[in-house]
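User: I would like a close look at a single part of this model, explained slowly enough for someone in the first year of study.

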Amino acid sequence: MKHTLFGALIAAALAVPAYAENYTIIAPAAPGGGWDQTARTMQEALQAEGISDTVQVQNVPGAGGTVGLAQFVAGAQGKPDQLIVGGYVMVGAILTNASPVSLADVTPIARLTGEYEAIVVPAASDIQDINGLIEALKADPGAVSWAGGSAGGADHIAVGLIAKAAGVDPTRINYIAYSGGGEALAAILGSQVTAGISSLGEFKAQADAGALRILAVSSDERIEGVDAPTLKEAGLDVALQNWRMVAAAPGITDEQKAAISADIDRMVQSKTWQDALATKGWANTYLAGADFQAQLDKDIAATGAILKDIGLVK
Amino acid sequence: MSGSTPQGSGATRRPDGATLVAALILAGIAVVIWRDAARLPQAGGYAGVGPADVPRWIALGLAGLSLWSLVEAFRSGKAEREAQDTGPILWIVGGLAAQLALLSTAGFSIATGLLFAATAAAFGKRNLALTVPVGITFALVVYLLFAGLLKLSLPAGPLEGLVWDLFRGAKP
Amino acid sequence: MNTFDFLLQGLAVAMDPMILIYALIGVTLGTAVGVLPGIGPALTVALLLPVTYGLDPAGSLIMFAGIYYGGMYGGSTTSILLNTPGESASIVTALEGNKMARMGRGGPALATAAIGSFIAGLAATILLAFVAPTVVKLALVFGPRDYFALMVLAFVTVSSAFGESARKGLISLFVGLALALVGIDQLTGQARLSFGVPQLLDGIEVTTLAVAMFAVGEALFVAARRDTADDEVIAVKGSVWMTANDWARSWKPWLRGTIIGFPIGAMPAGGADIATFLSYAAEKRMSKHPEEFGHGAIEGVAGPEAANNASAAGTLVPLLTLGLPTTATAAIMLAGFQQFGLQPGPLLFATNPQLVWGLIASLLIANFMLLVLNLPLIGLWVRLLTIPRPWLYAGILVFATLGTIGANPSPVELSMLLIFGVMGYAMRLYGYPIAPVVVGLILGPMAEQQLRRALSISQGDLWTLVGSPVSATLLALSAIALIVPLILRARGKGKVLSQLASDED
């Protein structure tokens, strides 16, 4: 019985029609992480919708995605069936790791999903709102410790931008980097640090339960279901989205680029993709074509400037 | 912290070569770490302990252990050790190197099959006409299980491509 | 009372025959993938998660639990029989377990691991059900300085538990600490010792190092011995089953392992590997037969195996009560919850009790099923050792490299496997213990980061390190652990101790 089941599983896994537009998606991260999940969700949607018959996901983890990016730039040159998943973290990682390749070396197709940052304090904290936090920061930047993700990542960049907007020297922020959202959240809940910053999704459940107070979010508009102002409302000119994108190989023709863009567009509109976004709690921030390119250029320039200000990039 | 290694008993008073080499290697690592640390910016921030400090402490520790080994090498004298065959080592190291070199071009099964055969040869099965095909078949079965069923991304070569095509051809 | 009702309800759901079949498939798949070195429970679940997509929540959850526990179990089997730890939490198991297997006592080693895992899993799952809210409050009290103190304690107890010579043990430990420096410094983003090689920026993977030093190093060492007759592995000597004496020597380590593992797993920056190190050190200290350590002491298998399972259940405490994924495995489990649009967190127990209790019941059943499945299979597993050596070692190396290639198919990673394999061989040859290298690689970065975080929060004030009751207590314990053996040694007991201590291979 187990043998037949096993056989059936193998047959099912191998049963794919012979002729197909076959994409290979590079996930520049280890299996299980955000980029890997994005790549595998794309795989599922592209196959289920019949946009592509066989989609392979290949993991090339390392150094904020820059190892995968370097391999992609070198190996996929001019190949229209090669895709890579990436995101905002890559923008910073390329700069801090002094990566020899950058996003200018690939053909960005579209932004797919995104998350906004939230600034929180433990419920027991004396700080009641974002202005209170900014005042404390102005009074003594060292006394305000921020827990967030890895150095040079979206969280760190956001703190740098906030300090700068508030007129505080960004090199003087006391940022405590943690490896994952979980560990940082524990430090915040345990009142080990003054404030915390991470993707809104990491804090939402705790905030709803009353263990954390969300002081502000990094979106342009208020977010439904979150009782907190945007940073802009608080008078800080900071907006930041931690997005994930898909890019194609360097050196492809405009026709090939258009074909890939059309495939991705069909995927994003599909029910499979929309359902997957809903179950995973990812916000659809689809943006393609020239608009995406413009946004990307803006993000790269702003990130480069703030990383210099924080002192992470020379 | 007693002064003698167990192997050292009853040996002549010449310094122990292996311990001397260990002392040298440790000193080498310490120097590499120290020089790497010197290149790092002293960005201790509020902690006062920066990215270069812990490497320095470890380099100092290694340097201390290097000195200790140096003293030990002369104090305990030459040690007796089991005789070692270099042949099997070369077979296994060669097999791993072959797998490394061939993996991306020849694919998982062929590269790993060669490692299999080389390891078997290291343990005395030198009949490559038997072990190479067995190894490649074994690796191919492993490949199909893990790449096919579990979607583990393993490098595919001509052999894997052929088998995929066979499976596809069998389907309407 | 409520808790108990919910648990019974969960069990009733999980006893459905169809659900049991899912559980069976889950534990079988999990064990199969778990035996691969380098592919631990986290990766196993990540890879098999899509298999569960099509099932209903109850079926999916139980399969998931089965894969998770099966993956944990598979790792210890290869550790014991083949000296090839599948993941960092079963490295310690290989130390004593493989010695036992070589003396024909693989059966009892596997049995004590299985029963210890079962008992620890059972006890910890029940603890999870009843005391999770309290435990999590305690875990949150742990700040960076307290973790730093815990790491100091781990260093002190663990480094004295390995090896025959203080010099050789320290050298191994420092080599591990040096290797741990490679990669991006997490707190400042500076690249250290990576020499411009991008693949080194993420540092050296613990499983790559462990697989290389244990599996590859071992293969080289065994192959190079000219006189192999004296090293003949005996598959079975005496009973395959545990003797009365084995039972008597195992039950206390099982309980101690559970007590060490559960709270450490519940700590946001703890981890199963640290729990196994501490458990091993504790067993060696408390054993009536310390002379057997390094030569196949059953306590050294029973304790750490119980500790790693208890720790796995412990990680569910912050996950279920706070929505905190504290390990890779917990992060994957979170993804499993999100399949159903659920966000684990403080409200989950209130809003979705059936699901939480369903999961807890599933874990209990998966745990039980693994015991029932694996105990009869032990006889079969130990036959693995009767495979002629050329085929056995060829197979081991295929799976060792498969794990590395599957997790990260990069030439740099494979080169590391080769280089560390040769290093493992050389260290075995000259009598340097292997385990401290891995210990240094795991504990080094944690100690450094927690120290720097603590000092950053205190803005450079060193007194902060003894500023909390927890950190002060842990550092005091470390000091005692460091000084007492020195006094004993000064009284002349040292010679006995160092003779009793072991040779690594």
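Which residue takes a positive phi just after α11(A)? Please describe the helix itself as well, and the parts around it.

Analyst: The model is a predicted one, in which local features are reported where pLDDT is at least 70 and side-chain atom pairs count at pLDDT 80 or more, while totals for chains, interfaces and linings use all residues. Residues are numbered from 1 along each chain as its sequence is written, and chains are lettered from A, with ligands numbered from 1, in the order in which they are written.

The residue you ask about is Gly311(A), which has a positive phi of about 100° just after α11(A) ends. Helices here are DSSP runs of H or I with at least four residues, strands are runs of E with at least two, and both are numbered from the N terminus.

As for its length, α11(A) has 22 residues, which at 1.5 Å a residue should span 32 Å, and the end C-alpha atoms are indeed 32 Å apart, so the two values agree. The expected span is 1.5 Å times one less than the number of residues.

The two sides of the helix can be told apart by burial. A residue is called buried if 20 or more other C-beta atoms lie within 10 Å of its own, exposed if there are 12 or fewer, and partly exposed in between, with the C-beta atoms placed from the backbone. In α11(A) the buried residues are Leu296(A), Thr303(A), Ile306(A), Leu307(A) and Ile310(A). Looking down the helix axis, these buried residues fall within an arc of 110°, and therefore they line one face of α11(A); the arc is taken from the directions that run from the axis to the C-beta atoms. An α-helix has 3.6 residues a turn, so residues three or four places apart point the same way. On the face turned away from the buried side, α11(A) carries the exposed residues Ala290(A), Ala294(A), Lys298(A) and Ala301(A).

What do the buried residues of α11(A) pack against? Their partners are α4, β4 (107-122) and α6 (154-165) of chain A.

It also helps to see where the helix sits in its chain. Chain A is divided into domain 1, made of 23-114 + 242-310, and domain 2, which covers 116-234; these bounds come from an automatic or database domain assignment. The C-alpha centres of the two domains of chain A are 27 Å apart, and twelve residues of domain 1 are in contact with twelve residues of domain 2, where contact requires C-beta atoms, placed from the backbone, within 7 Å of each other. On the domain 1 side that touches domain 2, the elements giving two or more residues are α4 (88-96) and α11 (289-310) of chain A. That side of domain 1 has six nonpolar, five polar and one charged residue, counting Ala, Val, Leu, Ile, Met, Phe, Trp, Tyr, Cys and Pro as nonpolar, Asp, Glu, Lys and Arg as charged, and the others, Gly among them, as polar.

For another meeting of parts, one can look at chains B and C, where 62 residues of chain B are in contact with 55 residues of chain C. Among the elements of chain B, α2(B) gives the most to the side that touches chain C, with nine residues. By class, this side of chain B has 42 nonpolar, 14 polar and six charged residues.

Conventions: Two residues are in contact if their C-beta atoms, placed from the backbone, lie within 7 Å.
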